[in-house]
Amino acid sequence: MSSALAAIFAPGFFGSSQVQIAATVGAIVAVVAGTVGVFTVIRGQSFAGEALGDIGTTGGSAAFLVAVGPLWGFAAVAIAAAAVMEMIGIQRPRGRDVATGVVLGAGLGLAALLLYLEAVYRNTTGATFTIVFGSPFTITSSSIPLVVAFSVIVLSLTVVLFRPLLLCSVSPELAAARGIAVRLVGAGYLLALAVAVALAAFTIGTILSTALLVGPAATALRLTRSPGRAIAAAALIGVGSIWLGILMAYDSYDWPPLGHGWPVSFFVVSLIFVAYLLAGLPRRRRRTSPTAATETDELALAPARS
Amino acid sequence: MSAGSPESAGRILEVDRVSVSLGGRDVLRDVSFAIEPGQFTGLIGSNGAGKTTLFRVILGLQAPRGGSVLVAGQPRSRRNPLIGYVPQKFQLDPDAPLRTRDLVGLGIDAHRYGVALPSRARRARIDEMLEAVDARGFADRRVGNLSGGEQQRVLIAHALIARPRLLLLDEPLANLDLRSGHEVVALLSRIATEQRIAILISAHDMNPLLGVMDRVVYLAAGRAVSGAVEEVVRTGVLSELYGHHVDVLRVHGRVLVVAGEAGELADTGDPTHTHTQVEIIS
């Protein structure tokens, strides 16, 4: 029994402060990403989330160059990019893709220059890898207060906007008719998205940040039917993937090449992907209670239902 | 209602000489009509006649160039709890985690910040409203998965749960099959008579509404005539509204409004036009 446990949890796993910090930050960030991600998926803004993550590369590399915490860089650039997208029309579906693409191109061009300067002047080639693909084990305990502060901001904003945002996501017309300031709510949500993406980029890298944002949310949508439960499920799936990914990465120090762990992000993203596929498997019919019976009847009449 | 003049007393909606210009084009010109509590009014006009613009003016989302709108005797305002609104359709992914009861619940308090706490009273109110629109059977299904007719009923429940006195519906029958359309019209008629809620429903085809409409507001070329169906839907009245001759034909209890004269377009030489000598407008 103990040898089986030792095979799963390599010696020193629970005692490692790196593991503890990575697991703490990862769990907080997964909850934030899952909460915001459910709305991202409902609103069809996955591409905006992806772009805000990618463009964080610019902020992260600038932060490396001037030696401030990378999370500040990710957040500053993501918020600025979100503001630009908002101003040039991200709220309109047709303007959205074009605006996002243009901002993204400009940002990544700048990132190329900054990473080049970084490599030339500081000779730190690892920076690129850390920014783009993430490295939770390099997170220091000093960054935990900032992660918590950003997370509290995002979660508060989402809770405050919850009802108007939900109705805006269903029908902007309906929301406007109720006197809801649709554009303001959308802008508030975009701000929450930008900070959530910055947190995800800080944990698993800019390019993979969308996976943490959208993956658990998309999986949760397949499993649940109400917004509250979808958020809870997305957060759980995110936290589970992060923790399991950290464990596997820790164990991988014993895999070839010996003494070098595999990237945590690889495991996390793979686990999220597997969860998404599993959630898509056809489910067995629910047991029959009176209400469930009517539902299965309707199911049989409507073959197009997923 | 305290500020209402004697004339407007008892009227839930009073539209007085409303004109709207959009992008330099006159969309509505001097449109006037009034609705009393419990009345079922059809807002009839072809696409582009200005029906949606008129709704936006009543909802306070579009400022008119001239004229006034009174709701229960008060000037119109945004977020008027006396008005319920049902948009034509909405885009919601079939996977979106929003059940019928969630959307109806949003009708109570979607304009408030924060999260709605579940309570027995809240649940009972939602259940009661689901019952009223005959939606109990799909209360826990995802809204994105429902049929067009079911979605219309959910949207009606969403609007009614805030207890409005006037319900605006933008082309609710446009995407429905005949049977679902009949069900929605029957439901609305019941709401109007039983709960004394005034209904203003827009449609490009008046026929599904003929049996239940108390009054009609007919929109064409930005202008409107209103009154009882028999008064308004007549060759003389509609010809004057359109500014050219139209015929009102009654065929097996259905009404057709037909424009154009035989032979008018017969010599255009364009083969696709030889059969468009008449145009069925409505």
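Reader: How many of the 23 residues of α9(A) are buried?

Author: This is a predicted model, in which local features need pLDDT of at least 70, side-chain atom pairs count only at pLDDT 80 or more, and totals for chains, interfaces and linings use all residues. Residues are numbered from 1 along each chain as its sequence is written, with chains lettered from A and ligands numbered from 1 in the order in which they are written. A buried residue has 20 or more other C-beta atoms, placed from the backbone, within 10 Å of its own. Helix α9(A) is mostly covered, and of its 23 residues the number buried is 17.

Reader: What distance does helix α9 of chain A reach from its first C-alpha to its last?

Author: Helix α9 (a DSSP run of H or I, at least four residues) covers residues 182-204 of chain A. At 1.5 Å a residue, 33 Å is expected, the factor being applied to one less than the number of residues. Close to that value, the helix reaches 32 Å.

Reader: Which strands of chain B stand at the edges of the sheet?

Author: Four strands (DSSP runs of E, at least two residues) form an open antiparallel sheet in the order β2-β1-β4-β5. Strands pair when DSSP finds at least two bridges between them. Each edge strand has a single partner, so one side is left without a neighbour in the sheet; these strands are β2 (25-35) and β5 (74-75).

Reader: Which residue in β4(B) is the bridge partner of B:Leu13?

Author: Strand β1 (residues 13-22) of chain B runs antiparallel to β4 (residues 66-71) of chain B, and five bridges join them. In β4(B), the partner of B:Leu13 is B:Val71.

How values were computed:
Buried ≥ 20, exposed ≤ 12 C-beta atoms within 10 Å, placed from the backbone.
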